[in-house]
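Me: I have a two-part job for you. Look over the model below, then take my questions one by one.

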Amino acid sequence: MKLSGSYILPATPEQVWALLNDPVRLAKLLPGCERLDADGTDRWKAAVKFAIAAISGKYAGSLQITEKKPPKSLRIHIDGKGVPGFMKGEGLLELAAKHGETEVKYSGEAQVGGMVAAVGQRMIEMAARKIVQQFFEGAAKELKASSG
Amino acid sequence: MIPAPFEYHAPKTLEEALRLVERHGDEAKILAGGHSLLPLMKLRLATPRFIVDIGRLRGMSYIREEGGHIVIGALTTHVEVEHSELLQKKCAVLAETAGNIGDVQVRNRGTIGGSLAHADPAADYPATILALDAEMVVASSSGTRTIPARDFFVDMLTTQLRPGEILTQVRVPILPPRAGSAYCKLHQPASGFAIVGAAARLDVERSWKITAAAVGLTGLSPKAFRAAAVEKALVGKKASEKLLADAARHAAQGIEPLADLHASAEYRREMASVFTRRALERALARALGKSA
């Protein structure tokens, strides 16, 4: 499954960069993230609970950031396993200043497998799009709050 | 294939059911026909702590005329909707939609209220409920409220229903004479869900002028929606095969269709046009009193 798009965040690329590299603030923005613990440089262990209506699943996995070019781009890798299945993905985030705000372009690929994929195949892409949307909406709110 | 442990309640009255769902809040799931919830529970994708089985409540399975509406009890099964003479006569599209759901077992057990409350993005009823401007009547321990169809669906598997509320009735306006309606669907052969489902309603004058048009689409995006661009292209114009086909081209306008194993986004977009056109043609034929 490929995911790509862009989102405008109300802050400078430097502020967005700081947010993306701050695990404490990041953990609050990742939908369903219950824990995010440092596990080496630019690497974290994560516990995530996804819930969409009655369907929910807990995943344990890792989050890693590579190819850091502050404040222009970075690559995120995620890897998780849980009762309903597994997921693995990576994506490139590119930040560009635009009229005092920041346009974040993202493009990535994710694989979801196991029971959740076998049964929920027709809903997984929608769920992924929703999670990405929630993340950016949360980031926009957080940036607005911290600058105001 | 064995669900996680849960506490089972089978209330005898709606009041008792409302007390239970209020007490257990979002830890409770309401079980009606069970044809969406039970598969999720058996695969442990859903693990509710409390099940409130409303399947035994009396007096929630009916289809009758009331004022200018046809009212349908939430526990009315798809097969009862499909075979209702009242609906076939006065709101054909709803009976036709029910007949297109899943398979015989699903239609025998599944309920209209259960399907709407579950809000599967590929379910059939949401398209039709939207095209008909129907209303959902919802009960809670503090009273009842009515939610218009266009506000009811929020996102995939998510409606306006709050924990503690139970959908009790669907109210469908009776179509005026010289109105026609139809539901056309591209089935996903294994699951029976809609790859694309189109519900259409047309009000047509004797001169073939279209005075009102409504099109609801399901299967394309996280929730069913009204194809406003199609409707706009139809209203006030004289009906013709070409007009319907041209209008149907706008079916997925402004939508980024879902892509999955069964259909790419481009294919879904194209099929949305094709099935919208077919539904419009059948609705027109019915409005003009021809059999279709």
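Reply: Two residues are in contact here if their C-beta atoms, placed from the backbone, lie within 7 Å. The model is predicted.

Me: Which residues does Ala200(B) touch, leaving out those up to four places away in sequence?
Reply: Ala200(B) is among the residues with the most contacts inside the largest nonpolar core, which has 112 residues. Residues up to four places away in sequence are not counted. The contacts of Ala200(B) are then Ala131(B), Ser181(B), Ala182(B), Val215(B), Thr276(B), Ala279(B), Leu280(B) and Ala283(B).

Me: How many residues does the other core have?
Reply: This core lies apart from the largest one. Its members include Leu74(A), Leu95(A), Val104(A) and Leu143(A). The count is 12 residues.

Me: How many residues of chain A are in contact with chain B?
Reply: On the chain B side, 19 residues take part. By class, that side has 14 nonpolar, 1 polar and 4 charged residues. The partner side, in chain A, has 17 residues.

Me: Why is one side of strand E1 and of strand E2 of chain B left without a neighbour in the sheet?
Reply: The parallel open sheet has 3 strands, in the order E1-E3-E2 (chain B). That order puts E1 (7-9) and E2 (28-31) of chain B at the edges. One side of each is free because each has a single partner strand.

Me: Which residue stands opposite Lys29(B)?
Reply: E2(B) pairs with strand E3 (residues 50-53) of chain B in the parallel sense, over 4 bridges. The residue facing Lys29(B) belongs to E3(B). That residue is Ile51(B).

Me: Which strands are at the edges of the antiparallel sheet of chain B?
Reply: This open sheet has 5 strands, ordered E4-E5-E10-E6-E7 (chain B). An edge strand here pairs on one side only. The edge strands are E4 (63-66) and E7 (143-148) of chain B.

Me: What is the bridge partner of Ile72(B) in E10(B)?
Reply: Strand E5 (residues 69-73) of chain B runs antiparallel to strand E10 (residues 166-173) of chain B. The two are joined by 5 bridges. Ile72(B) is bridged to Val170(B).

Me: Is helix H5 of chain B largely enclosed or largely open?
Reply: H5 covers residues 92-99 of chain B. Its buried residues are Ala92(B), Val93(B), Leu94(B), Ala95(B), Glu96(B), Thr97(B) and Ala98(B). Since 7 of its 8 residues are buried, H5 of chain B is, with respect to the rest of the structure, largely enclosed.

Me: Is Glu67(A) buried or exposed?
Reply: Glu67(A) is found in strand E4 of chain A. Its phi is near 50 degrees, positive in a residue other than glycine. A residue counts as exposed with 12 or fewer other C-beta atoms within 10 Å. Glu67(A) has 10, so it is exposed.

Me: How does Arg178(B) count, with its C-beta neighbours inside 10 Å?
Reply: Arg178(B) sits in the loop between E10 and strand E11 (179-187) of chain B. It is not a glycine, yet its phi is positive, about 65 degrees. With 15 C-beta neighbours inside 10 Å, Arg178(B) counts as partly exposed.

Me: What is omega for the peptide bond from Pro70(A) to Pro71(A)?
Reply: Pro71(A) is in the loop between strand E4 (55-69) and strand E5 (73-82) of chain A. Most peptide bonds are trans. The bond from Pro70(A) to Pro71(A) is cis, with omega near -15 degrees.

Note on methods
Residues are numbered from 1 along each chain as its sequence is written. Chains are lettered from A and ligands numbered from 1 in the order in which they are written. This is a predicted model: local features need pLDDT of at least 70, side-chain atom pairs count only at pLDDT 80 or more; totals for chains, interfaces and linings use all residues. Two strands pair if DSSP finds at least two bridges between them. A residue is buried if 20 or more other C-beta atoms lie within 10 Å of its own, exposed if 12 or fewer, and partly exposed in between; C-beta atoms are placed from the backbone. Ala, Val, Leu, Ile, Met, Phe, Trp, Tyr, Cys and Pro count as nonpolar, Asp, Glu, Lys and Arg as charged, and the others, Gly among them, as polar. A nonpolar core is a set of buried Ala, Val, Leu, Ile, Met, Phe, Trp, Tyr and Cys residues joined through C-beta atoms within 7 Å.
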